[in-house]
Each structure stands twice: as structure tokens, then as C-alpha cells.
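Hello,

Here is the structure I promised to send over. Have a look at it first, and then read on for what turned up when I went through it.

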Amino acid sequence: MMTSVFKTPAGEQAVMALYDAALANWPTPYTTQHIPTRHGDTFVIASGAESLPAMVLLHGAGTNSAIWVGDVAAYSQCYRVYAVDLLGEAGRSAPNRPAWDSPAYAEWLDDVLTGLRIEKVTLVGISQGAWTALKYAVYRPEQVEKLALLTPGGVVPDKGSFLIKAIGLSLLGKWGARQMVRLIYGSQPIPDGVEKIMSTVTSNFKPRVGVLPIFTDEELRRLTMPVLLLGGTQDALRDLDSIAARLRALLPRLSVTIIPGAGHALMNTVD
């Protein structure tokens with residue numbers, strides 16, 4: 001039996017109540033389903049006309065697909081959009097946490113796409129979700145039409161200073177939580193309700209500990225599809241200039257947009 005990623009059943013209910021509130025405000029008609037995979041059942045929110053090309057959205061660590069509530073309406077005008085809850089995170093997919101240095105996450109997403117009957121896909125991922133998108137794209141490059149990477153992990157090592165700050169702020173109660181929100185948003189305005197959401201998740205979710213593996217040059221050279229890198233100049237976790245420099249040397253069809261003043265939590269980035 002898989003161990004819950006939440007500290008208590010009541011804590012899970014509190015996080016899921018916030019998820020339900022986000023779905024109540026989902027700006028476009030949607031359906032939900034659970035897709036069985038070899039690594040666990042996966043929760044998917046689908047929006048947009050079924051005749052449109054497929055786009056899969058992959059959220060970051062410690063969150064769920066509710067983060068796309070501000071973007072999904074725009075995406076759904078041009079795509080059949082599938083917001084997918086990552087395994088082992090604060091959503092409704094299985095609590096399974098496969099090894100990052102195995103093929104598991106690529107296999108998992110392959111199973112999800114098969115279950116959704118998607119043959120070609122545009123992948124959009126943020127942070128750990130962008131790492132997952134990369135993991136799949138180097139595994140099945142022929143199935144990825146386009147790739148959008150928002151503050152991706154796995155390209156260069158993360159900043160050690162972020163972990164030190166995060167640990168310190170986690171010990172400082174509500175004031176520390178507010179400072180943590182400001183740290184990850186940079187100079188961007190913080191949307192209403194974010195502090196409450198982050199406080200609820202932090203109090204009730206058991207985060208995964210570890211470091212995302214860095215992709216090799218050989219792996220990244222497989223990415224011959226159009227790739228967009230998006231990030232901010234005030235990302236406390238990752239150095240976007242270093243990420244851009246490495247990807248420029250390896251990817252033939254890379255576009256880079258780095259937003260002045262933006263932090264790690266990029267919101268409402270639909271072009």
C-alpha cells in the first residue's frame with residue numbers, strides 16, 4: 001500500500017478543498033478522469049474542443065493542476081488542454097514517487113498519453129513539471145510537437161542559497177511563510193489567496209526531498225522540436241542565464257524569454 005503524501009487525512013482534505021475551490025472557478029468547461037498507468041493512477045483535467053491539437057500542462061513540486069486556472073482559458077482556444085497532476089505531489093494522482101534517475105517518469109507520461117489517445121503533443125511544464133516534460137521529450141522526441149519550459153530543473157544545478165533560505169524561513173511561522181512567497185515571486189504581484197494556499201500546503205503536505213538529475217548533452221541534443229525557455233531575472237531557485245546558455249549550445253530551435261523582475265513562480269504567462 002502506498003504511503004500518503006499528506007501528514008494527516010484532515011490535512012489532505014484541507015488541500016483538496018482548495019483544489020475544489022479552484023475547479024469551481026475553472027474559466028472554461030472541463031471534464032476530469034483518472035488514467036491508469038504502470039506507476040499509478042493519474043488525475044487529468046481536460047478543456048477545449050476535442051478536435052484541437054493536444055497540449056499537456058505539468059505543474060511543479062508541492063502543487064497541483066489548480067495552478068493553471070489563470071492560463072487554461074487562453075490555451076483552450078487553440079488546444080485540447082490536459083492539465084495532469086504529477087505523481088507523488090499535492091494533487092489527486094497516486095502518491096507513488098518513482099526514482100528520478102530511472103525511466104519511470106517518462107514511462108508514466110507515455111502511459112498517460114496512450115490512455116488519452118494522444119499521438120503528438122505540445123508539452124508545457126513549470127519547474128519540476130518542466131523537468132518531467134524534458135524527461136519525456138528525450139525519451140520520445142518523435143511524439144513531442146513543441147516544448148515550453150518554465151524555470152526548468154535538470155539543466156543546470158539549482159542555487160544552494162535557495163535551500164538555505166527556504167529552511168530558515170520554514171522555521172519562522174507565518175512571517176516566514178509570507179517571506180517565502182515573496183522570495184519565489186520576485187518583484188511580481190502576488191495573486192490573492194496565494195499565501196493561504198501556500199500556508200495550507202506547507203502545513204499539510206510532505207515534500208519530496210532530493211535533487212533533480214541533470215540531463216546530459218547527448219540527451220538534450222535529441223530535442224530538435226521547437227523549444228521555448230521562459231523564466232525570470234529574479235528566480236531565487238535557478239539561474240536562467242546559465243540555463244539559456246547551456247540550451248542555446250545544444251538545441252537548434254530554441255527561443256528564450258526572460259522576464260525582468262519575475263521570480264520562480266511564473267503566473268499568467270500565456271503569450
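**What I found**

Let me begin with charge: the protein has 24 positive and 24 negative charges, and the mean positions of these two sets lie 4 Å apart. Please keep in mind that this is a predicted model.

Now for the overall build. The protein contains 9 helices and 8 strands. Its radius of gyration is 17 Å, close to the 18 Å that the globule rule gives for 271 residues, so the protein is as compact as a globular protein of that length. If you want a feel for its dimensions, the C-alpha trace spans about 45 × 40 × 35 Å along the principal axes.

How much of the chain is hidden from solvent? Of the 271 residues, 52% count as buried. The protein exposes about 12500 Å², and carbon and sulfur atoms supply 55% of that area. As for how the chain folds back on itself, take the contacts between residues at least 6 apart in sequence: 76% of them join residues at least 24 apart.

**The nonpolar cores**

The largest nonpolar core has 47 residues. Those with the most contacts inside this core are Val-56, Tyr-82, Trp-108, Leu-123, Leu-147, Leu-223 and Leu-247. Helix α4 (residues 128–139) gives the largest share of the core, with 7 residues. There is also a second, separate core of 29 residues, which includes Leu-23, Trp-26, Tyr-75 and Leu-150.

Leu-123 is a good place to zoom in. Leaving aside residues up to four places away in sequence, Leu-123 touches Val-56, Leu-109, Ala-133, Tyr-136, Val-144, Lys-146, Leu-147 and Ala-148.

The last of those neighbours, Ala-148, sits in strand β6 (residues 144–150). Is Ala-148 buried or exposed? Its relative accessibility is 13%, and buried means under 20%, so Ala-148 counts as buried. With the same sequence neighbours left out, Ala-148 touches Leu-123, Val-124, Gly-125 and Leu-228. For a sense of distance, Ala-148 and Arg-208 are 60 residues apart along the chain, and their C-alpha atoms are separated by 24 Å.

**A few loop residues**

Two residues caught my eye for their backbone angles. Arg-117 has a phi near 60°, a positive value in a residue other than glycine. This arginine lies in the loop between α3 (104–115) and β5 (121–126). With a relative accessible area of 77%, Arg-117 is exposed.

Thr-151 is the other one: its phi is positive, about 45°, although Thr-151 is not a glycine. You will find Thr-151 in the loop between β6 and α5 (160–170). Whereas Arg-117 is exposed, Thr-151 is buried, with a relative accessible area of 0%.

Finally, which loop holds His-39? The one between β1 (30–35) and β2 (42–47). His-39 has a relative accessible area of 17% and is buried. His-39 and Thr-8 are 31 residues apart in sequence, and their C-alpha atoms are 23 Å apart in space.

Happy to talk any of this through whenever it suits you.

Best wishes

Technical notes
Residues are numbered from 1 along each chain as its sequence is written. This is a predicted model: local features need pLDDT of at least 70, side-chain atom pairs count only at pLDDT 80 or more; totals for chains, interfaces and linings use all residues. Side-chain values use heavy atoms; hydrogens and water are left out. Helices (H or I, at least four residues) and strands (E, at least two) are DSSP runs, numbered from the N terminus. The radius of gyration is taken over C-alpha atoms; the globule rule is 2.2 Å times the number of residues to the power 0.38. Buried means under 20% relative accessible area, exposed over 50%, partly exposed in between (1.4 Å probe, protein chains only). Contact means heavy atoms within 4.5 Å. Accessible areas come from the Shrake-Rupley method with a 1.4 Å probe; for residues, only the protein chains shown count as cover. Lys and Arg count as positive and Asp and Glu as negative; His and the chain ends are not counted. The place of a charge is taken as NZ of Lys, CZ of Arg, CG of Asp or CD of Glu. A nonpolar core is a set of buried Ala, Val, Leu, Ile, Met, Phe, Trp, Tyr and Cys residues joined through side-chain atoms within 4.5 Å.
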